[in-house]
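I set aside this session to go through one protein model and to record what I looked up. The entries are kept in the order in which I made them.

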Amino acid sequence: MIALTILFIAQHAFTVENAGSEAPPAAAPSIADPIDAEAKIVDRSFDIHEAFAHLKKVDSKLAKLITDKDISDFVTRVQQTDPSNPFRDLATSIIYQQISGNVAQAIRTRFVKYFAEPNEIETPAVVTGSFHWFPTPDMVLAKTPEELKTVGLSLRKAQYIRDLAQKFKDNGITAHRLQRMTDDQIRELLIQVKGIGHWTVDMYLMMDLGHPDILATTDLGIRKGIAKHFGLKNNLPLPDEMERLTEKWRPYRSVGCWYMWRLLDIKTAAD
C-alpha cells in the first residue's frame, strides 16, 4: 500500500485524481540526521472519489448517508492541508488532546494570536486548519510553561509543546525525515516526545500526511461514531471490535473515520 520508492508526492496526500505534482524541495537533512539524503519521499496519495466509491460499495448504511456535498467538503478540507510544517501539526494535535473540539479550537486560536500579534501577523477571528502561520520552535522556547498557560493550556501540555519544540530545534525531528519514514519509523520517533502517544501519531498520519488507512482506535469521537453507525447502543467498542467492524472499509479507513466524526459533528485539528 505504501510505496517507499516514489520520487514525488502530491502537495496534498489525498488527491482528487490518483496523480500528484512534485512537492516543494525539502530542507536538507542536518549532519545528525540518520535518514539518507537520497531517500525517497513516501507516497501516501490516493484517489478520493475511489475511496468514497469503495465505502459506498462495502457499507450499505454509509452509502445511504454519503452525499456529493460530503465528498466536496472532504476535498476542500484536504486542499487546505499543508504537510510542510510538522511542528505546527504536532503541536496542534497536543492542544487537541482529550478536550472537546470547540474548546481546543479556542485554545489554538489564543495560542497562535499570542505569538502572531507581537509580530504583526494578521490572524482570523478563529484559527482553523486553513490558516497556516504558526510560531516557530524558537518562539515557543522563548516562553516559559507558565507564560504558555495564559492561553488556556494546561501546565502539562505547555511542557509537552516546549519539549516538542526542543526536538525540532535540535533537529531530532525534521520535515525531511518525516517525509521519508515508514509509518512504523514515524511512530517510533514521535512517541519518544513527551505527551505524544498513539492517538497523536494516528492524527498526524491521517490528517497531515494523508494516510488513507488509519483507524484511530483510541479516539473517543471515532469510537462513538462507530458505536452509532453500527448500532452498538450505549456500548463503546474496544480496539479489536473496531478493527473487526471496519475491516470492510480497508484500504480507506481514514475516510471512514472522518465520516464518523462528521456523524457526530466533531471538530478536529484539520477543521
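The entries below move from the overall fold to aromatic pairs, helix packing and single residues.

**Entry 1. Overall fold.** I note at the outset that this is a predicted model. I looked up the secondary structure and found 14 helices and 2 strands. I then checked burial, and 49% of the 271 residues count as buried. For contact order I took the contacts with a separation of 6 or more; residues 24 or more positions apart account for 66% of them.

**Entry 2. Aromatic pairs.** How many aromatic pairs does a search of the whole structure find? I recorded 11. I looked at F52 and W258 in detail: their ring centres lie 6.2 Å apart and the planes stand at 90 degrees, so I entered the pair as edge-to-face, the class for angles over 60. F52 belongs to helix α1 (residues 48-58) and W258 to helix α14 (residues 253-263), so that the pair links distant parts of the chain, 206 residues apart. I found both F52 and W258 to be buried.

I then turned to F230 and W249. Their ring centres are 6.0 Å apart with the planes at 35 degrees, and the pair is therefore tilted. F230 sits in the loop between α12 (220-229) and α13 (239-245), while W249 sits in the loop between α13 and α14, so the pair ties together parts that are 19 residues apart in sequence. W249 has 0% relative accessibility and counts as buried.

I also noted one aromatic cluster, formed by F87, F111, Y114, F115, F134 and F168.

**Entry 3. Packing of α3 and α14.** Two packed helices are described by the angle between their axes and the distance between the axes. For helix α3 (residues 68-79) and α14 I read an angle of about 110 degrees and an axis separation of 12 Å. Since 65 to 115 degrees is the range for roughly perpendicular, I classed α3 as roughly perpendicular to α14. On the α3 side, I listed K69, D70, D73, F74 and R77 as making the contact. On the α14 side, I listed V255, W258, Y259, W261 and R262. By class, I counted 5 nonpolar, no polar and 5 charged residues in this contact. W258 thus appears here as well as in the edge-to-face pair with F52.

**Entry 4. Helix α11.** I asked how many residues of α11 (residues 198-208) are buried. The result was 10 of its 11 residues, and I describe the helix as mostly covered. The buried residues are W199, T200, V201, D202, M203, Y204, L205, M206, M207 and D208. After α11 comes G210, and I noted that its phi is positive, near 70 degrees.

**Entry 5. R44.** Is R44 buried or exposed? I found R44 buried, with a relative accessible area of 4%. R44 is placed in the loop between β1 (14-15) and β2 (46-47). I checked its side chain for polar partners: the side chain of D183 is in polar contact at 2.8 Å. A polar atom of the R44 side chain also lies 3.0 Å from the backbone oxygen of M181.

**Entry 6. T109.** I located T109 in helix α5 and found it buried, with a relative accessible area of 7%. Its side chain reaches the backbone nitrogen of V127 at 2.9 Å. Not counting residues up to four places away in sequence, T109 touches A125, V126 and V127.

**Entry 7. H132.** I found H132 in the loop between α5 (101-116) and α6 (137-141). H132 has a relative accessible area of 31% and is partly exposed. Leaving aside neighbours within four places in sequence, I listed Q80, T81, D82 and R88 as its contacts. For T81, 51 residues away along the chain, I read a C-alpha separation of 8.5 Å from H132.

**Entry 8. K143.** I closed with K143, in the loop between α6 and α7 (145-149). K143 counts as partly exposed at 26% relative accessibility. With residues up to four places away in sequence left out, K143 touches Y114, F115, L148 and R162. Two of these, Y114 and F115, I had already entered as members of the aromatic cluster. I also looked up A158, 15 residues from K143 in sequence, and read 9.7 Å between the C-alpha atoms.

Note on methods. Residues numbered from 1 in each chain as written. Predicted model: local features only at pLDDT ≥ 70, side-chain atom pairs only at ≥ 80, totals over all residues. Heavy atoms only, no water. Phe/Tyr/Trp six-rings, centres within 6.5 Å; stacked < 30°, edge-to-face > 60°. Helix = DSSP H or I, 4+ residues; strand = E, 2+ residues; numbered from the N terminus. Buried < 20%, exposed > 50% of the residue type's maximum accessible area, 1.4 Å probe, protein only. Polar contact = N/O pair within 3.5 Å; in protein donor to acceptor, adjacent residues only side chain to side chain. Axes fitted to C-alpha atoms, helices over the stretch in contact; angles between N-to-C directions. Parallel < 35°, antiparallel > 145°, perpendicular 65-115°, else oblique. Contact = heavy atoms within 4.5 Å. Nonpolar A, V, L, I, M, F, W, Y, C, P; charged D, E, K, R; others polar.
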